[in-house]
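Reader: I have a structure open in front of me and would like to learn how to read it. Could you walk me through it step by step?

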Amino acid sequence: MAEHSSIEWTNATWNPVTGCTKLSAGCDNCYAERFSERFRGVLGHPFEPGFDLTLRPERLLHPIGWRKPKLIFVNSMSDLFHKDIPIDFVERVFQTMERADWHVFQVLTKRSSLMRDFVNRRYGKGGAPGHIWLGVSIENASTLGRLRHLKQTDAVVRFVSFEPLLGPLAAVDLTGIDWVIVGGESGPRARGIEKDWVRDIRDQCQGQQTAFFFKQWGGRTPKSGGNQLDGRQWLEYPAVHRRDRRCER
């Protein structure tokens with residue numbers, strides 16, 4: 001957990017849960033697993049249990065102590081909708097987000113149907129509060145079903161992270177999607193990304209009035225290839241955030 005983050009599209013990370021299990025191809029070279037496992041068995045270290053799924057109740061109220069508004073990436077080191085996280089613990093995470101409404105919380109999952117079902121039960125037709133953004137991670141065409149689940153989720157702001165982008169996606173219906181993030185994989189076993197895959201998503205975002213944020217080309221390190229596409233950076237945010245500049249940038 002960090003009050004500040006080097007992730008380009010957020011300001012801070014908050015990890016009331018750490019650890020996860022692999023679900024699809026995008027998980028193969030998980031950066032969070034690689035980082036966590038370095039410290040497995042180190043007595044007293046926060047990642048002494050490595051990447052085993054671990055609840056961190058002592059962190060549940062941390063965002064309430066951060067008085068300056070921030071964009072907060074929730075569970076950057078896990079997945080809040082992992083099937084082994086008790087529902088009552090997920091409820092407590094959402095209670096904190098509801099209380100700390102001066103922040104914007106960015107919730108990103110690969111367990112898209114579980115997120116949809118939880119959010120729709122909790123909020124009904126009124127939808128999740130506007131400061132809780134809900135998103136899914138999609139790495140290739142075979143995982144596009146998560147987009148359908150996201151559209152079925154009652155939310156004010158919906159976003160998709162195509163990272164690591166592992167293949168072309170062809171036509172994607174972005175109706176109801178406010179924000180798209182694209183990035184290549186980074187790390188010692190990083191798989192490559194093609195410029196045409198990124199251009200295609202950018203062009204579809206422009207044609208469908210969806211904000212487009214290109215995070216990185218990836219490589220050995222996140223910064224290896226920079227983040228320019230066709231001679232410029234693409235760092236757009238959802239229109240709702242552009243209207244409300246309270247959060248750090």
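Author: Gladly. Let us begin with a strand whose two faces are easy to tell apart: Trp179, Ile181 and Gly183 point one way from E8, Val180 and Val182 point the other way, and all are buried. Buried means under 20% relative accessible area, exposed means over 50%, and partly exposed is in between, using a 1.4 Å probe and protein chains only. Helices (H or I, at least four residues) and strands (E, at least two) are DSSP runs, numbered from the N terminus.

Reader: What should I know about the model itself before going on?

Author: This is a predicted model, in which local features need pLDDT of at least 70 and side-chain atom pairs count only at pLDDT 80 or more, while totals for chains, interfaces and linings use all residues. Residues are numbered from 1 along each chain as its sequence is written, and side-chain values use heavy atoms, with hydrogens and water left out.

Reader: How many residues of E7 are buried?

Author: Five of the five residues in E7 are buried, so this strand is mostly covered. Arg158, Val160 and Phe162 point one way from E7, and Phe159 and Ser161 the other way.

Reader: How do I see which strands are partners?

Author: The general idea is that two strands pair if DSSP finds at least two bridges between them. Here, four bridges join E7 to E8, and the two run parallel. Within that pairing, Phe162 has Val182 in E8 as its bridge partner. On the other side of the family of pairs, E8 and E9 are parallel over five bridges, with Val180 opposite Phe212 in E9. E6 and E7 also pair in the parallel sense, over four bridges, and Val136 stands opposite Val160 in E7.

Reader: What is the order of the strands in the open sheet?

Author: The seven strands follow the order E1-E4-E5-E6-E7-E8-E9, with parallel pairing. Strand E1 (12–14) and strand E9 (211–216) stand at the edges with a single partner strand each, so one side of each has no neighbour in the sheet. Neighbouring strands are turned by 25 degrees against each other on average, direction ignored. For such angles, axes are lines fitted to C-alpha atoms, for helices over the stretch in contact, and angles run from 0 to 180 degrees between N-to-C directions. At the E1 edge, the partner is strand E4 (residues 71–74), joined in the parallel sense over three bridges, and Ala12 is opposite Ile72 in E4.

Reader: Which strands does helix H5 lie across?

Author: Helix H5 (residues 195–207) lies across strand E7 (158–162), strand E8 (179–183) and E9, and runs at about 160 degrees to E9. Helix H3 (residues 112–123) lies across strand E5 (104–109) and strand E6 (132–137), at about 160 degrees to E6.

Reader: How do I read a nonpolar core?

Author: In soluble globular proteins, nonpolar side chains tend to be buried together. A nonpolar core is a set of buried Ala, Val, Leu, Ile, Met, Phe, Trp, Tyr and Cys residues joined through side-chain atoms within 4.5 Å. The largest one here has 51 residues, and Phe94 and Phe212 have the most contacts inside it. Helix H2 (residues 87–99) gives the most to this core, with five residues. A second, separate core of 15 residues includes Val104, Leu108, Trp133 and Phe159.

Reader: What is Phe94 in contact with?

Author: Contact means heavy atoms within 4.5 Å. Leaving aside neighbours within four places in sequence, Phe94 is in contact with Leu80, Phe81, Phe118, Val119, Arg122, Tyr123 and Ile132.

Reader: Is Ala171 buried or exposed?

Author: Ala171 counts as exposed, because its relative accessibility is 73%. This residue lies in the loop between E7 and E8. By contrast, Ser24, in the loop between strand E2 (17–18) and H1, counts as buried at 17% relative accessibility.

Reader: And what does Ser24 contact?

Author: Beyond neighbours within four places in sequence, Ser24 is in contact with Lys110, Glu139, Thr143 and Arg146.
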